[in-house]
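Visitor: I am new to this model and would like a close look at its interior. Please start with the core and then lead me through whatever lies around it.

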Amino acid sequence: MNKHITIFAGAVATLLMLGSCSKDFLEIKKTDGEPLEEYYTDDETLNEALTSAYAPLHWPDWDNVAYNDLTVDAEILGDDFWVGGRDNTDNLHWHKLFNFEADGNNTLSTLWGDFYSGIKRCNDVIKYCSWGGGTAANRRSYEMQARLLRVYYYNILWHYYGNVPFYLENLSLPYTAPQITADEIYNQLLPELEEIIASKVLPLRWEAAEAGRVSQAMAYMLYAEMVMYQKDTARYPRALTYMKELIASPDYSLNPNFANLWEESGEWCSESIFEINYNDDQAQRDWGAAALNAGGSVLPTLISPNQWPGGDGWNTGEDGWGFLPVRLETYNMYEEGDVRRDATIWDVRGYTYTERYQDTHLWLGKYRPYSDNNKDCPTSKNLNYNNNKRIYRYAETLLNAAELLLATGGSSAEALKYLNEVRTRAGLTGYDSATLDNILNERHLEFCGEGKRYFDLVRTDKAATVLVPDKYGYRTNSWTPSKKHIPLAQSELDADPTLKQNEY
């Protein structure tokens, strides 16, 4: 079973599972309240602290307060899916965001706490490592993993909120930090990311038993994502160099079978650069226990049909909540023969079940539920599917390289080669030329349902013309540049009166 690092963040302890099939855990033994300086003194305890810093990766889909899975959050802002649910008040914040009418009481409020918790834990690891415990090599690795994770957490806050408090050392009373602009956040993070990359401490790819840790390759992908979103053309050549290093590496390649990417056997395959691990074995998530406990993912339950009659790998009695139905137009954008269509979209137009709001009988197939994917769960099965969340894939490396080549005046023939590697893997005839429109079209087809489409529309200045009222009357407002950053939660503004609300 390819679930190599699974993070269990319980109320008392944080546990780390290592080994491709093992159930060995490193348990935190600090129960007597000794000073931290006397506890974080060796590799084992430092690794426990690092594991705690990874834990918030799991939290957004259900964090005891709200369902804010990052896939759903991003896709409801785009043009490929509807919000769905019971009705247009079910998870009201998603419906408000979908229609570009969010406010401080209807926004992605819990992402703030989730990822600032991650930042705090990363800061802790960095501090503990500075005390000199453990072996020098492991201590350096733990520090760089924590620093890279911290950049990743800030990157999510930066994408959604833009103007946020920023700090690299944990706060003391009154626990507030200056709110700086999105551009200032970027200017703080990129030198940090460049220093992490230049250290070359992290491997380009971890051994299988360590899959789930952030790597040098993940840092490269994060770098390209950030500089392209910021349109930081001065850094494009460096980003291109990183993409070419990945392309030249034997560690990464396209999976020849696109559908296999979304199966359990396809997790951490040669195409996978970074995934967030979920596991149904020994899952601790339960309706009667803290949802921050790790285990499986609730995403397949969120995005599947209600009152399923049984069939197609999902047993009778299984139940979904009907969020994120796929638009018919999304299904139709795929050409006949494009193998990505049937892997991306679960077409159940031949099944009868209880329809919910905006139901199209088309669902996101990449993270669809299978009964085999939660069969080992000892707690609530609908909270604990073992579908890993794919964050960065080698296909994106190729398309990033193609786009960066065009932007830097590089070889159009080389850009076309990279573009058509992705295109022909899908079973289609290659393009005749590499244009920005062709690259963006391929990104749309390739990454549908992976949370990238909305941000591609924003960074390429296409959002204002694409994200407009639809013919069904569901989206009645248009995106405008003021919608780039969503509102901060009113609860955060109340807690810190120095925070300034985003214009929206």
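Guide: Let's begin in the middle: the largest nonpolar core holds 144 residues, and Tyr160 and Tyr161 have the most contacts inside it. H6 provides the largest share of this core, with 13 residues. A nonpolar core here is a set of buried Ala, Val, Leu, Ile, Met, Phe, Trp, Tyr and Cys residues joined through side-chain atoms within 4.5 Å. Helices (H or I, at least four residues) and strands (E, at least two) are DSSP runs, numbered from the N terminus.

You are looking at a predicted model, so local features are taken from pLDDT of at least 70 and side-chain atom pairs count only at pLDDT 80 or more, while totals for chains, interfaces and linings use all residues. Residues are numbered from 1 along each chain as its sequence is written, and side-chain values use heavy atoms, with hydrogens and water left out. The protein chain has a mean pLDDT (the predictor's confidence in each residue, from 0 to 100) of 92, and 93% of its residues reach 70 or more. Please take residues 1-31 with care: pLDDT stays under 50 there, and the model gives this stretch 113 contacts beyond four places in sequence.

Now back to tyrosine 160. Setting aside residues up to four places away in sequence, tyrosine 160 touches Leu70, Asp73, Ala74, Leu77, Leu108, Leu111, Phe455, Lys484, His485 and Ile486; contact means heavy atoms within 4.5 Å. Apart from the core of tyrosine 160 lies another one, of seven residues, among them Trp346, Val348, Tyr353 and Trp363.

Helix H6 (136-160) also takes us to an enclosed space, for H6 gives the most to the lining of the largest cavity, with five residues. A cavity is a set of points, on a 1 Å grid over the protein atoms alone, where a 1.4 Å probe fits but cannot get out, and its lining residues have an atom within 4 Å of a point. By this rule there are four cavities of 30 Å³ or more. The largest cavity contains about 450 Å³ of space, a volume being the space filled by probe spheres set on the grid points, which are joined across faces, edges and corners.

Around this cavity stand 26 lining residues, with Glu225, Glu450, Gly451, Lys452 and Phe455 nearest its centre. Phe455 is a residue you have met already, as a contact of tyrosine 160. Helix H3 (70-75), H6, helix H8 (216-230), strand E9 (389-393), helix H13 (394-407) and helix H16 (453-459) each supply at least two residues of the lining. Sorted by class, the lining has twelve nonpolar, five polar and nine charged residues. In this sorting Ala, Val, Leu, Ile, Met, Phe, Trp, Tyr, Cys and Pro are nonpolar, Asp, Glu, Lys and Arg are charged, and the others, Gly among them, are polar.

Next comes helix H15 (436-446). Eight of its eleven residues are buried, so H15 is largely enclosed by the rest of the structure. Buried means under 20% relative accessible area, exposed over 50%, and partly exposed in between (1.4 Å probe, protein chains only). The buried residues of H15 are Asn438, Ile439, Leu440, Glu442, Arg443, His444, Leu445 and Glu446, and they pack against helix H12 (339-344), E9, H13, helix H14 (412-425) and H16.

Glutamate 446 has a relative accessible area of 0%. Beyond its neighbours within four places in sequence, glutamate 446 is in contact with Phe258, Glu271, Arg340, Lys366, Arg393, Ala395, Val422 and Arg425.

Two other glutamates are worth a visit. Glutamate 192, in helix H7 (182-199), counts as buried at 12% relative accessibility and touches Arg147, Arg150 and Val151, not counting residues up to four places away in sequence. Glutamate 101 lies in the loop between helix H4 (92-98) and helix H5 (109-130), where it is partly exposed at 34%. The C-alpha atoms of glutamate 101 and isoleucine 486 are 9.6 Å from one another, although 385 residues separate them along the chain.

Finally, a backbone detail: the peptide bond from leucine 173 to proline 174 is cis, with omega near 10°. Proline 174 sits in the loop between strand E4 (164-165) and strand E5 (179-180).

Methods
1 Å grid on protein atoms, 1.4 Å probe; cavity = no way out; pocket = protein on both sides within 12 Å on 5 of 7 lines; lining within 4 Å.
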